[in-house]
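Please explain how this protein chain is put together, beginning with the surroundings of its ligand and moving outwards to the domains and to a few individual positions.

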Amino acid sequence: MACMANHQAHSSHHYRVVVVGGGLAGLAAARMLADHYSLTDTQAVLILEAGTSLGGRIKHITGLVPWPVEVGPEFIHGTMNSSFKDIADRMKCQMRELPYPDRYYLGNERRMLCSDEAEKHEDIQHAHKLFQELAFEDPDAPDISMAEYLHRRGTNNSVYQLAESIYANDFGCSLKQLGVRECIQEAQNWIYGDTYLILDRPMSSVVDFIAKGLQVHLDWAVQRVQYGTHGVKLHSSDGLIVTADYAILAVPVTILQHGVITFNPPLPKAKLDAIQSIGMNNCVKVLMAFSDRFWPEDMFDVVCTNCFLPEIWITQYPSTSNHTDGRAPLGKFIVVGFMAGEVAAAASRLPEAEVIRRSLSQLDEMFGQVSQKAEYDRSGYCHGIKVDPLNDIPDRSKDLHNFLTRDHVLIPREYVQCPRSRPASAFFQGGCVVNWEKESFVRGGYTYPSLNAHGARFALAEPLQKRVFFAGEATHPGVNPCMQAAIDTGRRAASEILSLDVSGRL
Ligand SMILES: Cc1cc2nc3c(=O)[nH]c(=O)nc-3n(C[C@H](O)[C@H](O)[C@H](O)COP(=O)(O)OP(=O)(O)OC[C@H]3O[C@@H](n4cnc5c(N)ncnc54)[C@H](O)[C@@H]3O)c2cc1C
C-alpha cells in the first residue's frame, strides 16, 4: 500500500516534484521520479490527491455479485504496446481476451445478430469500413464533425445509427461532437490491437502495485498553483501549502475547465483555449445483478441500436468471495449497461430507479419471448435525445438506505416495477447507476476526439515556465483516453522534468 503520511505534519515541506492527482497518470509519473531519485528521499516526490483513495477513475464496488464490479475502466484495450498490460504482466496477472462486440441488437427490428450474421450485414460492415478508412485520411484536412463526414459520404440512417452506437458511444460522445481530425489522429496512432482483455483481479490491484512505497497526501485538494522560474507553490482548499521545484498536474481536464484550480500568473491564452476545446462528457454505467442467466452463455458484448442502453456487456470472474462484511452478494450474474455523451446526459436526468427500469425493459425485450409491445414510449430514449417524458417521476432512490458504498445507491428489486413474467425483470435482484459527472474530482467519463480541437492536446501538455508540467489522458497526443495512455502521459511528464533536472539526486 502507498504510504499515507499525515499531511498536516508535512504541510510546510519542500519537495523536488509534487504530483497533483493520484490517478494512473499521476502515479506513473511519481513512480518514475521516485525510482529515479530514491525512494528513501522523503522529500523527493509527493502526490497530492483530492480524494480519499488513489486510482482516480479506477474504482470498484462490492456487494452486487461475488466479485468486485468495476465502476470505471473494466477492459485493457488491446494486447500490444500497452504500458498498462506490461505492468499487469509484471504482476503475473491472468488476462482473458474477448472480442468486441460479439453481437448486435437492432432495436428497430428487434433482432439480435451474432458475429457471423453481423459479418454479412451490409450496414454494420459499412459502418466499420467508414471508421477503419479514417486511418488513411488526410489529418490536415479541414475539421468537420463525424455526423457531417458521414453525411458527405452518403450514409443511410441505419449506418448512421450503427456508427452512433458502435463508435460514438465508445468514444464517449455523439457523432455530432466527434471531430474528424482527432478521429484520424486516433486511428493513425492506435497501436494496441482490437481485442479487449479482462483482468483476473480488480484494476485497483494495479494501482496498489504502482503506488507501493510512494509518498501520498490524500484528501488534499489543490486549489491554487503559484509558479515562476524559481519553483511552484501549491495551496490546498483548506489553507495548507506545499512548495516544490517542479509540479505535474495530472488532474482530469474537466477540473481545469471548471476553474477548480486557479493559477498565478494566469494560464496563457493558448493553454486556456486548449483546455476548453478538449471535450469530456458524462458516462453512466448501469450495474444490474441477477439470480440467473437469461442470455446465451457465450455472449459478452452487445452493441444495441435504437435502444435505451447503446451497449451492454456481461463479465464473469472467478468467485472471489471477497465480502468482508459477511453479507451474501445480491446476485450471481451481472449485466453492465454503458451510456456516454448526450445519451448519458439524458439518462442522468431520470431518477435512478427509472434508469434501471428502462434498462430491464430493454433486456426483457432483447432476451424475452417478445410477444408484447414494450410498455414505455420508445421515442423517449436513445440517440434522438428527446427530453425524457418521465422527468417528473419522484426519485425514491434518494430515500433508500445505501449499503453498497458511500457513493452509490442500491436500487432493490422492489423499487423497479417491471413484469415478472419477463426474463430480466424476473431474475433482477438489485442494481445501481454510476453517474461519473457526480464524481466531484473527475466530473465526467473520458475525453473524446473533439471537433475543432486539433493540436489542443499538445498545447495542454506544454509546460509552464519549465516548472509546471501536465499529464493525464487528455494530454495524450494519440487522442487515446485509455489507461495505458494515462500511464504514458505520466511517464512523459516525468521524463520532461528529468531532462531538465540535471542535478539529479537530492
Ligand atoms: C466509466 C468509465 C469507463 C472506462 N473504461 C475504460 C476501459 O475499459 N479501458 C480503459 O483503458 N480506460 C477506460 N476508461 C478511461 C480510464 O479510466 C482513464 O483514461 C484513466 O483512468 C485516466 O487516468 P488519469 O490519471 O488521466 O485521470 P484520473 O484517473 O481521473 O486521475 C486524476 C486524479 O486527480 C485527482 N484530482 C482532481 N482534482 C484534484 C485537485 N484539485 N487536487 C488534487 N487531486 C485532484 C482526482 O481525484 C483523480 O484521482 C474509462 C473511464 C470511465 C469513467
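In what follows, Ala, Val, Leu, Ile, Met, Phe, Trp, Tyr, Cys and Pro count as nonpolar, Asp, Glu, Lys and Arg as charged, and the others, Gly among them, as polar. With that division, the shell around the ligand in this predicted model has 25 nonpolar, 10 polar and 5 charged residues. The shell numbers 40 residues, of which Gly 21, Gly 23, Gly 56, Pro 73 and Cys 482 come nearest to the ligand. Three elements each supply at least two residues of this shell, namely helix H2 (24-37), strand E17 (283-290) and helix H16 (483-500), and among the contributing elements H2 gives the most, with 3 residues. Seen by domain, the shell draws at least three residues from domain 1 and at least three from domain 3.

The wider setting of these elements is a protein chain of 506 residues, 51% of them buried, with 16 helices and 24 strands. Among the contacts with a separation of 6 or more, 77% join residues that are 24 or more positions apart. The chain is divided into domain 1 (3-56 + 202-279 + 447-500), domain 2 (103-193) and domain 3 (282-438), so that domain 1 is written as three segments under the domain assignment used here. Domain 2 and domain 3 are in contact, with 19 residues taken from domain 2 and 18 residues from domain 3. On the side of domain 2 that touches domain 3, strand E8 (103-106) and helix H7 (157-171) are the elements that give two or more residues, and the largest share, 7 residues, comes from H7. By class, that side of domain 2 divides into 8 nonpolar, 8 polar and 3 charged residues.

Helix H7 also contains Asn 157. Is this residue buried or exposed? Asn 157 counts as exposed, because it has 9 C-beta neighbours inside 10 Å, where the cut-off for an exposed residue is 12 or fewer. Asn 157 and Asp 123 lie 34 residues apart in sequence, while their C-alpha atoms are 9.6 Å apart in space. Helix H8 (residues 180-189) is, by contrast with that exposed position, mostly covered, with 7 of its 10 residues buried. The buried residues of H8 are Val 180, Arg 181, Glu 182, Cys 183, Ile 184, Gln 185 and Glu 186, and they pack against helix H6 (146-152).

A general tendency helps in reading the interior. In soluble globular proteins, nonpolar side chains tend to be buried together. The largest nonpolar core of this model holds 153 residues, and within it Val 18, Val 20, Ala 29, Ala 247 and Ile 248 touch the most other members. Helix H2 gives the most to this core, with 9 residues, and H2 is also the element that gives the most to the shell around the ligand. What does Val 18 touch, leaving aside its neighbours within four places in sequence? Val 18 is in contact with Leu 46, Leu 48, Val 232, Leu 234, Val 242, Ala 244 and Ala 247.

The records add some annotation, which should be read with care. An unreviewed UniProt entry places the feature "binding site" at Phe 338, a residue that lies in strand E20 (residues 333-340). Phe 338 is buried in the model because 21 other C-beta atoms lie within 10 Å, which meets the cut-off of 20 or more. Not counting residues up to four places away in sequence, Phe 338 touches Lys 285 and Glu 311. The UniProt annotation "domain: Amine oxidase", likewise from an unreviewed entry, covers residues 24-383 and 431-498. In the second of these spans, residues 431-498, the end C-alpha atoms lie 47 Å apart, and the span is 32% helix and 15% strand.

A last position, Gly 51, is found in the loop between strand E3 (45-48) and strand E4 (60-61). Gly 51 is partly exposed because it has 19 other C-beta atoms within 10 Å, a count under the 20 that a buried residue needs. Although Gly 51 and Ser 440 are 389 residues apart in sequence, their C-alpha atoms are 9.0 Å apart in space. Apart from its neighbours within four places in sequence, Gly 51 is in contact with Leu 218 and Phe 441.

Key:
Residues are numbered from 1 along each chain as its sequence is written. This is a predicted model: local features need pLDDT of at least 70, side-chain atom pairs count only at pLDDT 80 or more; totals for chains, interfaces and linings use all residues. A residue is near a molecule or strand if its C-beta atom, placed from the backbone, lies within 6 Å of it. Helices (H or I, at least four residues) and strands (E, at least two) are DSSP runs, numbered from the N terminus. UniProt positions are given in the numbering used here, feature names are shortened, and annotations may be inferred rather than shown by experiment. Two residues are in contact if their C-beta atoms, placed from the backbone, lie within 7 Å. A nonpolar core is a set of buried Ala, Val, Leu, Ile, Met, Phe, Trp, Tyr and Cys residues joined through C-beta atoms within 7 Å.
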